[in-house]
Amino acid sequence: MYCADNHVHTCFSFDGAPGAAPDAVCRAAIACGLQEITFTDHCDINGQVEGIYARYTMEEARAAVLTAKETYRGCLQVNWGIELGQPHQYPEEARKMIADGGFDFVLGSLHNLTGVPDFSFMKYEIMTDEHLDQLFSRSLGEIMEVVKFPGIHALAHLTYPCRYYTLAGRSFDPMRYAHRIAEIFGEMKQRGLALEINTSTLRKGLDFTLPHTPILALWRECGGEMVTFGSDAHTPADVGADFADFVHMMKSCGFSSYFTFRGGEPVEHPLG
């Protein structure tokens, strides 16, 4: 069947592996049987404006991706995208990034709440259950702002905090917030957005994707049709990882196809 990874980072991401040049990533994608790849390097817009992360060099990244697109034409469909984090926190700068980028695909994400560090930096071992609830509830509020942001094509790793809750040994059921998540899904469906199934948690030894299977089923129940696959690879070795698990999860929830984006337009692929 047709295999495509819609969430891949390179050395142009602030946390990308030094050896993850677009050319090396493309070679790895072909080697593992992918037919399509979308480069979505990080641009956490608050991190750019506030100087938290190394600046994203968009022109340099675009040149490298477009060179790879030509190099592997006929062997691999290469798309130019971005993972735009927290666009609502600095909307003017985020709008300019989208306008200047000419992206095939804009993946919206939330890595941190306004004025709060990335969820990956927190010490959940010492938090109360009430703290976990408060953080997750606030994340849903800001995720709603992400999906409302103009120019977004899909929502990345909806239950991102759960990755770190679980790694810290904490138990948390995001389906307790099903009514809030359904409201987000209603907004996404109205705007024609896709939901990403992010498999990065599986490589970390966890037994769920982002979002969890019941939440994918909820997306289907809410009338959601478009889903994308994202390995969230930061090294060439992880490109396309766990695609088979993604397919199984999709089929178990009643989906028969998934999507990639080219020139901002969705392209449907049967699950086989």
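This passage looks at two helix pairs, the cysteines and one buried threonine in a predicted model.

Two packed helices are described by the angle between their axes and the distance between the axes. A convenient place to begin is the pair formed by helix α1 (residues 22-31) and helix α3 (residues 58-71), whose axes come within 9 Å and cross at roughly 40 degrees. That angle makes α1 oblique to α3. The crossing of α1 past α3 is right-handed. On the α1 side, the contact is made by P22, D23 and C26, and on the α3 side by A64, V65, A68 and T71. Sorted by character, the residues of this contact comprise five nonpolar, one polar and one charged.

The second pair brings together helix α5 (residues 129-148) and helix α6 (residues 160-167), which pack at an angle of about 160 degrees with their axes 10 Å apart. Angles over 145 degrees count as roughly antiparallel, and α5 and α6 are therefore roughly antiparallel to each other. Here, too, the handedness can be stated: α5 passes α6 in a right-handed crossing. Helix α5 contributes L132, L135, F136 and S139 to the contact, while α6 contributes P161, C162 and Y165. Six of the residues in the contact of α5 with α6 are nonpolar and one is polar, with no charged residue taking part.

Turning to the cysteines, a disulfide is a covalent bond between the sulfur atoms of two cysteines. With a cut-off of 2.5 Å between sulfur atoms, the count in this model comes to zero disulfides. Why is C11 too far from the closest cysteine sulfur for a bond? The closest cysteine sulfur, in C26, lies 12 Å from the sulfur of C11, whereas a disulfide needs the pair within 2.5 Å. C11 counts as partly exposed, at 32% relative accessibility. C222 is likewise in no disulfide, and its nearest cysteine sulfur, that of C253, is 12 Å away. With a relative accessible area of 26%, C222 is partly exposed.

Finally, it is worth pausing at T199, found in the loop between β6 (194-198) and α8 (200-203). Is this loop residue buried or exposed? The relative accessible area of T199 is 0%, and because buried means under 20%, T199 is buried. Leaving aside its neighbours within four places in sequence, T199 is in contact with T209, F229, G230 and S231, and also with A241, D242 and F246.

Key
Residues numbered from 1 in each chain as written. Predicted model: local features only at pLDDT ≥ 70, side-chain atom pairs only at ≥ 80, totals over all residues. Heavy atoms only, no water. Helix = DSSP H or I, 4+ residues; strand = E, 2+ residues; numbered from the N terminus. Buried < 20%, exposed > 50% of the residue type's maximum accessible area, 1.4 Å probe, protein only. Contact = heavy atoms within 4.5 Å. Axes fitted to C-alpha atoms, helices over the stretch in contact; angles between N-to-C directions. Parallel < 35°, antiparallel > 145°, perpendicular 65-115°, else oblique. Left-handed = near helix turned anticlockwise from the far one by under 90°. Nonpolar A, V, L, I, M, F, W, Y, C, P; charged D, E, K, R; others polar.
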